[in-house]
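User: I would like to learn how to read backbone features and overall chain descriptors from a model. Please take the backbone first.

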Amino acid sequence: MAKLHPFTMILFSMILFFMALIYNHPLYICSILIFIVVSILLLGEGKQLKTTMKYGVYTAALILIINPLANQNGRHILYKSGKIPIIGKIKITQEALAYGGNMALKLFCILLIFLFYGLMTDRDETFSFFSKYAHKLTLTLSMTINIIHRLRLEIMRVKDVMILRGVNFQEKNLRKRMKAYYPILKVIFIASLEGSLDQAESLYARGYGKGVRTSYSQVKIKNIDYLFHGINFILLCFVVYGFFLNVGFVQFYPTFHGFDLKENIFLIYIDIILVVAILLIWGCKRWKFLRYKI
Amino acid sequence: MEILKIQDLTYYYPRKEEPALKCVNLSVTEGEFILLFGKSGCGKSTLGRVFNKIVPEFYGGKIKGNVESKVDIGMVFQDPEKQLVMEQVEREIAFGLENIGINYEVMRKKVMETLSFLNIWDIRYKKTYELSGGQKQKLAIGATIAMGYKFLVFDEPTSQLDPVAAEEILHILKRLNEELGYTIVLIEQRIDKCFHLADRVLFMEESQIIFDGAPKDFVAWSYKHEKNFSPSVSNYFVKLGEKNIPLTVKEGRKKLRKNLFLKKPVVIQHETKEEYGNREAISIKKLYFTYENGKEALNGVDLKVFKGEVLGIMGENGGGKSTLLKNISGLLKPDKGNLSVCGEVGYLSQNPNDYLFNDTVYEELKYTLDQKGIKDLSRIEKVLKNLELLRYKDKNPRDLSGGEKQRVALGSILVMEPEILILDEPTRGLDRDLKERLGEIILNLKNKGKTVILVTHDVEFVGKFCERVCLMFDGSVAQVGSKYDVLTEGIYYATQMNKLFSGYVDKIITLEDACYITDHLKEGVI
């Protein structure tokens, strides 16, 4: 489908991000997660979804394990240990387990929002967009990317040179091994300092900082951007309104509290908006008429 | 029309006692192609930076005299890596235009035209760090010409490139000058390929311009003042005492045809100086190596390197030379095949800066000994003396000149007293005098019984200092043998002298060969 304007997507992702961050109602979080997963699948990027999920699995598992162990609140005790030296007694509660699970869901949500943003926009357009408004930031970023690539090659080269001068990088003794890396660091450091002067000279020679800049980036706003801005607006209104109604928040400790009807009705409104967004994405992808119209 | 005038310019870099430029007077007319050269450290790069005011506006320092320019001047630097700032090719070209506030429509047109002029249209969406050295330099040129400068200064734009890419860059300069009438100032060390392009030659020595005139006049002047800076072809004819000296192989051959009156080609028989017998230092049989990404770098290499010889390995980038060296030096383990190396291998990489991190030259050499667990510190003095570095013993190696830095790096290898020495592109960035000196060091090592392997694109250097040459192509050896077999009869891996004499007198490689044969032809005996 046609890529969205970076600003449209930044706003949309930020609202989703904000929602995933503030809400702690498991159903709300699940809704957002399902919305993102379905959208990514609709875009035909199941493979990327899998890879991103893989990154999250370990951290999510860690949260699931650590939260019940570290958090001793909650009334429904599932397991109680005897006295362990230093740590003391450990009890695992149903509430702490649920809270950990909720946190893990949030983590997936946040990870996938980044992937979703990447899929809905064009990387170069995002770059252009930022370079127009935050020019120094993008210049620093692109120079850093270039330098990282150069450094990677340089480190490999210097390492080879040092190995042939008899430096042992496989040293078992950690202190000795750190010492072996010292020359590489120093060579790279000096080379970078010298390189930075050359880069500054080149920037100067190409007129950087001499006057008012113009921008080579022209990112067009398409019809679909207006549609998504509409969704953004309505969603934002609901989130703000919900904030005043105090919905989307439940209490886990000392025991579950706050799963009432009001919350669920409000969730339906939010879900309707998200379904509209999904339909829009589906339509743009599959429906010829819409594809040409936007 | 005069577009730049420099009067009595003297310039000191900040905190320097010696002037970098001394009483420089220069006038440049529109559309000229000027070649500016001289020994390393003579001030040519500084003068190049005066043109577009980087000196003194960027560097600071003290300046006396007048610089008047009627046009804006663009500059392209030596190292393409360090000039590029953006991530994408198209944006890189646009970067300068954005800086000077050109509006979008004009900018698009200029970017498009630059891409077409340089024929880099197909790589416009590529990432700049994915490009080859030659492409990067092309892009740097593109980024400068897109800004609309009609006066361009190039500071050794080909010194970091292989010869194919270098020639492409020189061709671009020629087109800029001839097709568009741009004024070009080219600062160069390797002059064989660009001398004839110039309308005017400036030769600098000790911060001053000591020659300013036509290329043909320079050749005679250079010979008279023993400067050793003319192209090889011209050098030969100057030595014969000819007038109207040719600058290119084409002109040279025309003159030779008149001079030699040969009815059929002469072939000189070179004595095979030494039989190496079975004294192999390195023996390689059917060697294969594939990188983790699946790239087959070595494809059944067969090669013997004999003890006490200087072997030159040449070939295209990506032909497997570096991989072969890494296998020989033990950095990589071959997948298949036999590789036996007798004795320790010393390896000097292209960039001497990779070696230098200690505070003094002495410590730099000692570091290698410490790592190798060698207690004999007398080796350091001995090596420093051989490399004529003893007086810099307590200096910081980073403060030395390019040639000296390279010798320190070489010293840090030689203290291990390796039996086999591998030099990777050792002539890169060196002027002729420094090259000669490096050659002497190599011959010296050879006389001490060391085996030296040179990997280089520099045909002239190989022709002069190696006995055998190996050409690598696509991961295997294309030809290996005496330099008189490998470097003659070719169209690419041939020296200037060989190209000059090819078909008239065969098996000529160096200037010495050429002078020798001409003397004998005159006398009627070969």
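User: Where does P254(A) lie in chain A?

Analyst: In this predicted model, P254(A) sits in the loop that links α8 (223-245) to α9 (261-286) of chain A.

User: What is the peptide bond that leads into P254(A)?

Analyst: Most peptide bonds are trans. The bond from Y253(A) to P254(A) is cis, with omega near -5 degrees. Chain B has a cis bond as well, from V55(B) to P56(B), with omega near 5 degrees. P56(B) belongs to helix α2 (residues 54-57) of chain B.

User: How should I read the phi of S207(B) and N228(B)?

Analyst: Most residues other than glycine have a negative phi. S207(B) is not a glycine, yet its phi is positive, about 65 degrees. N228(B), also not a glycine, has a positive phi of about 50 degrees.

User: Which loops hold these two residues, and how buried or exposed are they?

Analyst: S207(B) is in the loop between β8 (200-205) and β9 (208-213) of chain B. With a relative accessible area of 11%, S207(B) falls under the 20% cut-off and is therefore buried. N228(B) is in the loop between α7 (215-224) and α8 (232-239). Its relative accessible area is 32%, so N228(B) counts as partly exposed.

User: Which elements make up chain A, and in what order do they run?

Analyst: Chain A has ten helices and two strands. From the N terminus, the order is α-α-α-β-β-α-α-α-α-α-α-α. The radius of gyration of chain A is 26 Å, well over the 19 Å from the globule rule for 294 residues, so chain A is more spread out than a compact globule. Along the principal axes, its C-alpha atoms fill a box of roughly 70 × 70 × 35 Å.

User: How many helices and strands does chain B have?

Analyst: Chain B contains 18 helices and 20 strands. Its radius of gyration, 25 Å, is close to the 24 Å that the globule rule gives for 526 residues, so chain B is as compact as a globular protein of that length. The C-alpha trace spans about 70 × 60 × 50 Å along the principal axes.

User: What do burial and surface composition look like in each chain?

Analyst: In chain A, 41% of the 294 residues are buried. Its accessible surface is about 16,700 Å², with 69% belonging to carbon and sulfur atoms. In chain B, 56% of the 526 residues are buried. Chain B exposes about 23,200 Å², and carbon and sulfur atoms supply 46% of that area.

User: How many charged side chains are there, and how far apart are the centres of the two sets?

Analyst: Chain A has 35 positive and 15 negative side chains, with the two centres 5 Å apart. For chain B the counts are 76 positive and 77 negative, with the centres 2 Å apart.

User: Which residues of chain A does UniProt list as "transmembrane region"?

Analyst: The unreviewed entry lists residues 6-22, 55-71, 96-117, 226-245 and 265-284 of chain A. In the model, residues 6-22 are 100% helix, with the end C-alpha atoms 24 Å apart. Residues 55-71 are 94% helix and 0% strand, with a 25 Å end separation.

User: Where does the record place a domain in chain B?

Analyst: UniProt, in an unreviewed entry, places "domain: ABC transporter" at residues 4-231 and 282-499 of chain B. Residues 4-231 are 33% helix and 25% strand, while residues 282-499 are 34% helix and 27% strand. The end C-alpha atoms lie 28 Å apart for residues 4-231 and 32 Å apart for residues 282-499.

Notes: Residues numbered from 1 in each chain as written. Chains lettered and ligands numbered in written order. Predicted model: local features only at pLDDT ≥ 70, side-chain atom pairs only at ≥ 80, totals over all residues. Heavy atoms only, no water. Helix = DSSP H or I, 4+ residues; strand = E, 2+ residues; numbered from the N terminus. Rg over C-alpha atoms; globule rule 2.2 N^0.38 Å. Buried < 20%, exposed > 50% of the residue type's maximum accessible area, 1.4 Å probe, protein only. Areas by Shrake-Rupley, 256 points an atom, 1.4 Å probe, with all protein chains shown as cover. Lys, Arg positive; Asp, Glu negative; His and termini not counted. Charge placed at Lys NZ, Arg CZ, Asp CG, Glu CD. UniProt positions renumbered as here; feature names shortened; annotations may be inferred.
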